[in-house]
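This report describes one protein model, beginning with a loop and moving on to the sheet, the helices and the charged side chains. Keep the structure in view while reading.

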Amino acid sequence: SYAVPPQEILSKDSVTVSVDAVVYFRTSDPIASVNNVDDAIYSTKLLAQTTLRNALGMKTLTEMLTEREAIAQLCETILDEGTEHWGVKVERVEVKDIRLPQQLTRAMAAEAEAAREARAKVVAAEGEQKASRALKEAADVIQANPVALQLRHLQALNSIAYEYSRSLTNRTEKPSLTFRAEHNSTIVFPVPVEMFGAFMKKDV
């Protein structure tokens with residue numbers, strides 16, 4: 001095998017990246033490797049470097065990051081065809097690492113963070129829109145049926161009374177005059193005048 005050293009490669013969309021790879025090969029024909037080339041191993045290593053550079057140079061940055069296996073397969077095919085006459089068999093090529101410039105990495109991280117914040121704002125806006133729609137529907141129902149408003153007031157009053165009774169039950173200390181003076185409270189709850197309409201009509 002041969003570890004291709006990191007190479008500075010310019011992508012199709014003009015982004016410089018550092019790429020390294022590993023090439024696995026073996027001598028398949030010792031006679032051809034001696035007769036057809038001065039140094040089959042050294043020539044294979046040089047061809048691996050140029051092949052990797054040329055293959056990646058035809059790709060955009062996005063394609064480099066998402067099509068790594070396809071790029072490795074392309075390099076393997078080109079290398080195997082190029083070294084066959086030298087008695088060398090290329091068995092596999094692996095693209096190990098694609099390193100981006102630090103400035104580009106920071107820019108991509110900032111862009112991803114901005115995208116996450118934008119999605120969060122969209123979700124929050126959709127939630128507020130649904131809540132507003134629900135409130136409007138509730139207001140329409142109450143406006144069409146005033147009894148619903150009265151029932152809602154009674155339900156709220158019942159909830160307040162229940163919570164207040166629970167708070168009194170949870171107190172373990174014995175009541176005293178001081179306790180009564182400090183903890184007694186008055187609940188003020190608005191009641192629609194319309195609720196007394198029926199009683200007022202009877203009095204009249």
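## The turn between two strands

Two strands count as paired if DSSP finds at least two bridges between them. The model discussed here is a predicted one. Strands E1 and E2 form a hairpin with five residues between the strands. They run antiparallel and are joined by seven bridges. One of the facing pairs is Ala3 with Val22, the latter in E2.

Ser14 sits in the loop between E1 and E2. Its phi is positive, about 65°, although Ser14 is not a glycine. Is Ser14 buried or exposed? Ser14 counts as exposed, because its relative accessibility is 57% and the cut-off for exposed is over 50%.

## Overall make-up

The protein has eight helices and three strands. Along the sequence they follow the pattern β-β-α-α-α-α-β-α-α-α-α. In that pattern, two strands are followed by four helices, then a strand, then four more helices.

There are 204 residues in the protein, and 21% of them are buried. The exposed area is about 14,700 Å², and carbon and sulfur atoms supply 57% of this area. Contacts can also be sorted by distance along the sequence. Among contacts between residues at least 6 apart in sequence, 65% join residues at least 24 apart.

## The sheet

Strands of a sheet pair through backbone hydrogen bonds, either parallel or antiparallel. In this protein, three strands form an open sheet in the order E1-E2-E3, with antiparallel pairing. Why is one side of E1 and of E3 left without a neighbour in the sheet? Strand E1 (2-10) and strand E3 (88-99) stand at the edges and have a single partner strand each, so one side of each has no neighbour there. On average, neighbouring strands of the sheet are turned by 25° against each other, direction ignored.

Strand E2 covers residues 16-27 and pairs with E3 in the antiparallel sense over ten bridges. Within this pairing, Val23 has Val93 in E3 as its bridge partner.

## Helices against the sheet

Helix H2 (residues 40-57) packs on the sheet and touches E1, E2 and E3. The direction of H2 makes about 35° with that of E1. Helix H4 (residues 68-83) lies across E2 and E3. Relative to E3, helix H4 runs at about 145°.

Glu76 belongs to helix H4. Leaving aside neighbours within four places in sequence, Glu76 is in contact with Val90, Glu91, Arg92 and Val93. Which side chain of opposite charge is nearest to Glu76? That side chain is Lys89, 6.4 Å away. Glu76 is buried yet has no salt bridge. A salt bridge requires a nitrogen and an oxygen within 4 Å, so a gap of 6.4 Å does not qualify.

## Salt bridges

How many salt bridges does a search of the whole structure find? The search finds five. One of them joins Arg26 and Glu91, whose closest N and O atoms are 2.5 Å apart. Arg26 lies in strand E2 and Glu91 in strand E3, so this pair ties together parts that are 65 residues apart in sequence. Arg26 is partly exposed, with a relative accessible area of 41%. Glu91 is also partly exposed, at 43%.

Another salt bridge forms between the side chains of Lys59 and Glu67, at 3.8 Å from N to O. Lys59 has 21% relative accessibility and counts as partly exposed. The cut-off for buried is under 20%, so Lys59 does not count as buried. Glu67 is partly exposed as well, with a relative accessible area of 30%. The side chains of Arg99 and Asp97 also meet in a salt bridge, at 2.8 Å from N to O. Both ends of this pair count as partly exposed: Arg99 has a relative accessibility of 33%, and Asp97 has 28%.

Technical notes:
Residues numbered from 1 in each chain as written. Predicted model: local features only at pLDDT ≥ 70, side-chain atom pairs only at ≥ 80, totals over all residues. Heavy atoms only, no water. Buried < 20%, exposed > 50% of the residue type's maximum accessible area, 1.4 Å probe, protein only. Contact = heavy atoms within 4.5 Å. Areas by Shrake-Rupley, 256 points an atom, 1.4 Å probe, with all protein chains shown as cover. Axes fitted to C-alpha atoms, helices over the stretch in contact; angles between N-to-C directions. Lys, Arg positive; Asp, Glu negative; His and termini not counted.
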